[in-house]
Amino acid sequence: MSAYLTSNDVLNALSTYFYESNKKGSLRSTYELCINESIASSHPHMTEQQAADTAHNIVNLDIELTYERNKTHTIAVLVFDQLLKENKNSLKARYPDDSDMWQNDYKFKPSQTVINWTLERNVNGLASLASMAQGYLYQSCEHSGFKTSPAYFLIQDIQRSLLNDFIKYQLKGSQPWASWEEPTNFPLIGLKTH
C-alpha cells in the first residue's frame, strides 16, 4: 500500500467541518473528548479520571499556545495540526528514508466552501467531506500508533457527525431508529416469492 501527504485543502476542509459541526456549544468538549479517548486507549494503566485530567491539561495548554496564532478558529487549528501530524507519521513509517514525502508548509485556513456546504445543508458537499475523511484514513494508517492517536478519534468524530447530518438532512423528521418496519406496499425486485 502506498501513502501520500493529504492536501492542505483536504485538511482545511475536515478541520473546518469539525469546527462548524461542533461550534454550537460542544466544540471544545468534543475536541477534549477525542484527546481523552486517545490517552485512555494508548495508556490503559491510567484510570478514567487520570486520562480525563491529562486530556484537560493538554487541551488547556494547546489552546493557550495556539490562541495567539488564530483567535477565531483555535480548535480548528488544533484539529488541523493533529490530522497533519498523524498523516506525516504514516509517511515516516512507510517511507522512513524519503523525508521529502512529508515535508510541507501547510497552514490552516478556514474553508469557505465547507462553511457554505454546512450552512446550506448541501448533501453533495457532505458526501465530498465523507470521501475526504476516507481518503485521509487511507493515507494516515501506516504507523502502529494511528488507532490510538488523537487524529484517529477526531476523524471518527467527523465521520459520525457527517452520518448524523446525512440522516437529519435527508430524512427530515421521519427518522427510523430502533423501530423500523419493512414496508408492505413495495414490489420485491429481483426476489421470487413463490
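## Helices, core, pocket and salt bridges

I167 is found in helix α7. Helices here are DSSP runs of H or I with at least four residues, strands are runs of E with at least two, and both are numbered from the N terminus. The model is a predicted one: local features need pLDDT of at least 70, side-chain atom pairs count only at pLDDT 80 or more, and totals for chains, interfaces and linings use all residues. Residues are numbered from 1 along each chain as its sequence is written, and side-chain values use heavy atoms, with hydrogens and water left out.

I167 has a relative accessible area of 33%, so the residue counts as partly exposed. The scale is as follows: buried is under 20% relative accessible area, exposed is over 50%, and partly exposed is in between, with a 1.4 Å probe and protein chains only. Not counting residues up to four places away in sequence, I167 touches K172 and Q175. Contact means heavy atoms within 4.5 Å.

**The nonpolar core**

The largest nonpolar core has 48 residues. Such a core is a set of buried Ala, Val, Leu, Ile, Met, Phe, Trp, Tyr and Cys residues joined through side-chain atoms within 4.5 Å. Which residues have the most contacts inside this core? They are L14, Y31 and L129. At least two residues of the core come from each of α1, α2 (27–42), α3 (48–67), α4, α5, α6 and α7. Helix α4 gives the most, with 9 residues.

Y31 deserves a separate look. Leaving aside neighbours within four places in sequence, Y31 is in contact with F18, V59, D62, I75, L78, V79, Q82 and L154.

N36 lies in helix α2. This residue is buried, because its relative accessibility is 19%. Apart from neighbours within four places in sequence, N36 contacts A51, A52 and A55.

**The largest pocket**

The largest pocket has a volume of about 340 Å³. It is lined by 15 residues, and the closest to its centre are E20, S21, K24, T118 and Y169. Three elements give two or more residues to the lining: α1 (8–22), α5 (112–120) and α7 (150–171). Helix α7 gives the most, with 5 residues. By class, the lining has 3 nonpolar, 6 polar and 6 charged residues.

How is a pocket found? Rolling a probe the size of a water molecule over the atoms shows where empty space is left. The search runs on a 1 Å grid over the protein atoms alone; a cavity is a set of points where a 1.4 Å probe fits but cannot get out, whereas a pocket is an open set with protein on both sides within 12 Å along at least five of seven lines, and lining residues have an atom within 4 Å of a point. Grid points are joined across faces, edges and corners, and the volume is the space filled by probe spheres set on the points. For the classes, Ala, Val, Leu, Ile, Met, Phe, Trp, Tyr, Cys and Pro count as nonpolar, Asp, Glu, Lys and Arg as charged, and the others, Gly among them, as polar.

**Salt bridges**

How many salt bridges does a search of the whole structure find? It finds 5. A salt bridge is a side-chain nitrogen of Lys or Arg within 4 Å of a carboxyl oxygen of Asp or Glu. Side chains of opposite charge can pair when their charged atoms come close. The table includes some of these pairs.

| Pair | Closest N to O |
|---|---|
| K23 and E20 | 3.0 Å |
| E142 and R94 | 3.9 Å |
| D157 and R160 | 3.8 Å |

E142 and R94 link distant parts of the chain, 48 residues apart: E142 is in the loop between α6 (123–140) and α7, and R94 is in helix α4 (residues 74–94). E142 is partly exposed at 23% relative accessible area. R94 is also partly exposed, at 34%.

D157 and R160 both lie in helix α7, 3 residues apart, about one turn of the helix. D157 is buried, with a relative accessible area of 10%. R160 is partly exposed, at 43%.

In the remaining pair, E20 is buried at 9% relative accessible area, whereas K23 is partly exposed at 40%.

**Two further sites**

R121 is found in the loop between α5 and α6. Its phi is near 55°, a positive value in a residue other than glycine. Most residues other than glycine have a negative phi. R121 is partly exposed, at 47% relative accessibility.

A127 sits in helix α6. At 36% relative accessibility, A127 counts as partly exposed. A127 and L65 are 62 residues apart in sequence and 33 Å apart in space, C-alpha to C-alpha.
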